[in-house]
Amino acid sequence: MIEPRISAGIAVVTGASSGIGEAAAMQLSTAGFHLVLIARRRDRLEKLQSKLRKSGGQADFICSDLSQEESYSAIADQVKNIGAPIDVLLNNAGFGWYGFGDEMPWSVARSMLAVNVQAVTGLTLQFLPEMKRVNHGHIINVGSIVASIPSQGVALYGATKAFLDGFTTSLYRELVNTGVNVSVVRTGAVRTPFFKKVAAHSGSGVIPFQRLAVQPETVARRILELLKKPKRAIYVPRLLWVVPWIEMYFGWFIDRLGPRLLRSSRF
Ligand SMILES: NC(=O)c1ccc[n+]([C@@H]2O[C@H](COP(=O)([O-])OP(=O)(O)OC[C@H]3O[C@@H](n4cnc5c(N)ncnc54)[C@H](OP(=O)(O)O)[C@@H]3O)[C@@H](O)[C@H]2O)c1
């Protein structure tokens, strides 16, 4: 599946089979990166690979279930075989679940922890030492604004994204002046299959804020900007920088609304 060859820098994108990952892969390819696309759905990865190649880009794919820890070293080995330096690791794969925290099946919780937290950690540990050795590289973690405003209905999902905030900030501080950057993208709602999957998974109805969703291409564009001008964290849309302040000053009020904001929400 992956042919060894010497090329421009590599961008590894997890969750490249749809949504933000797919949009980011297309824009990274246009920017000249050699893409390594990762997800479980082979047909979608094959289709994207051929699209990128047809438009003159270099792309390989690895079908991998990121909930399985053996996949992290296997991915790193296959990427090494390509023979080009790794420039970008976009930790984007993830999924959500909506409903009362105590009603979440353990099988879903375990899988969410594995994909949203363990895979990000595992792949970072695989690629970061080499980036540090060559003083070059950028790890971008796709977080969520719910990490800044822990909300009813997304207890574990929000906590996995809060992990990304903390992990990113610590690494960013450790890596100052090394030439390696780590960033988190705190995005609000994005128009991708994410919400449909959440609804199907959790049997929920309308999930709040879907109607305010931005296009995945907007998030991808901001990721490209981040590569040019590295920062520890960005908000998409930009206006969401107010959210942590809302939590800090009005969290007490959200506490009082309690379960009224859950499942009954309509926007
Ligand atoms: N959409 C939003 O409103 C929103 C808001 C904030 C943050 N985010 C975050 O953005 C990221 C991308 O989500 P999206 O909106 O683009 O949703 P999406 O279209 O559903 O994409 C999710 C991607 O993750 C991959 N994935 C899920 N489980 C996987 C596993 N076990 N192994 C490998 N790949 C796996 C999926 O690929 P396969 O199914 O082919 O494996 C898919 O490519 C997620 O981390 C999500 O939490 C989304």
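The following questions and answers concern the fold, two helix contacts and some backbone details of a predicted model. In this model local features need pLDDT of at least 70 and side-chain atom pairs count only at pLDDT 80 or more, while totals for chains, interfaces and linings use all residues. Residues are numbered from 1 along each chain as its sequence is written.

Reader: What radius of gyration does the chain have, and what would a compact globule with 267 residues have?
Author: The radius of gyration is taken over C-alpha atoms, and the globule rule is 2.2 Å times the number of residues to the power 0.38. For 267 residues that rule gives a value near 18 Å, and the chain agrees with it, having 18 Å.

Reader: How are α4 and α5 oriented to each other, roughly parallel or roughly antiparallel?
Author: Axes are lines fitted to C-alpha atoms, for helices over the stretch in contact, and angles run from 0 to 180 degrees between N-to-C directions. The axes of α4 (residues 106-133) and α5 (residues 155-174) come within 10 Å and cross at roughly 10°. Angles under 35 degrees count as roughly parallel, over 145 as roughly antiparallel, 65 to 115 as roughly perpendicular and the rest as oblique. The two helices, α4 and α5, are therefore roughly parallel.

Reader: Which classes of residue make up the contact of α4 with α5, and how many are in each?
Author: Residues are in contact if their C-beta atoms, placed from the backbone, lie within 7 Å, and those of α4 include Met-112 and Val-117, with Tyr-157 and Phe-163 among those of α5. Ala, Val, Leu, Ile, Met, Phe, Trp, Tyr, Cys and Pro count as nonpolar, Asp, Glu, Lys and Arg as charged, and the others, Gly among them, as polar. The contact thus divides into nine nonpolar, two polar and no charged residues.

Reader: Is Asn-135 buried or exposed?
Author: Asn-135 lies in the loop between α4 and β5 (137-142), and has a positive phi of about 55° although it is not a glycine. A residue is buried if 20 or more other C-beta atoms, placed from the backbone, lie within 10 Å of its own, exposed if 12 or fewer, and partly exposed in between. Because Asn-135 has 11 C-beta neighbours inside 10 Å, it counts as exposed.

Reader: Where is the peptide bond that is cis?
Author: Most peptide bonds are trans. Pro-237 has its place in the loop between β7 (233-236) and α8 (243-257). With omega near -5°, the cis bond runs from Val-236 to Pro-237.

How values were computed: Helices (H or I, at least four residues) and strands (E, at least two) are DSSP runs, numbered from the N terminus. Two residues are in contact if their C-beta atoms, placed from the backbone, lie within 7 Å.
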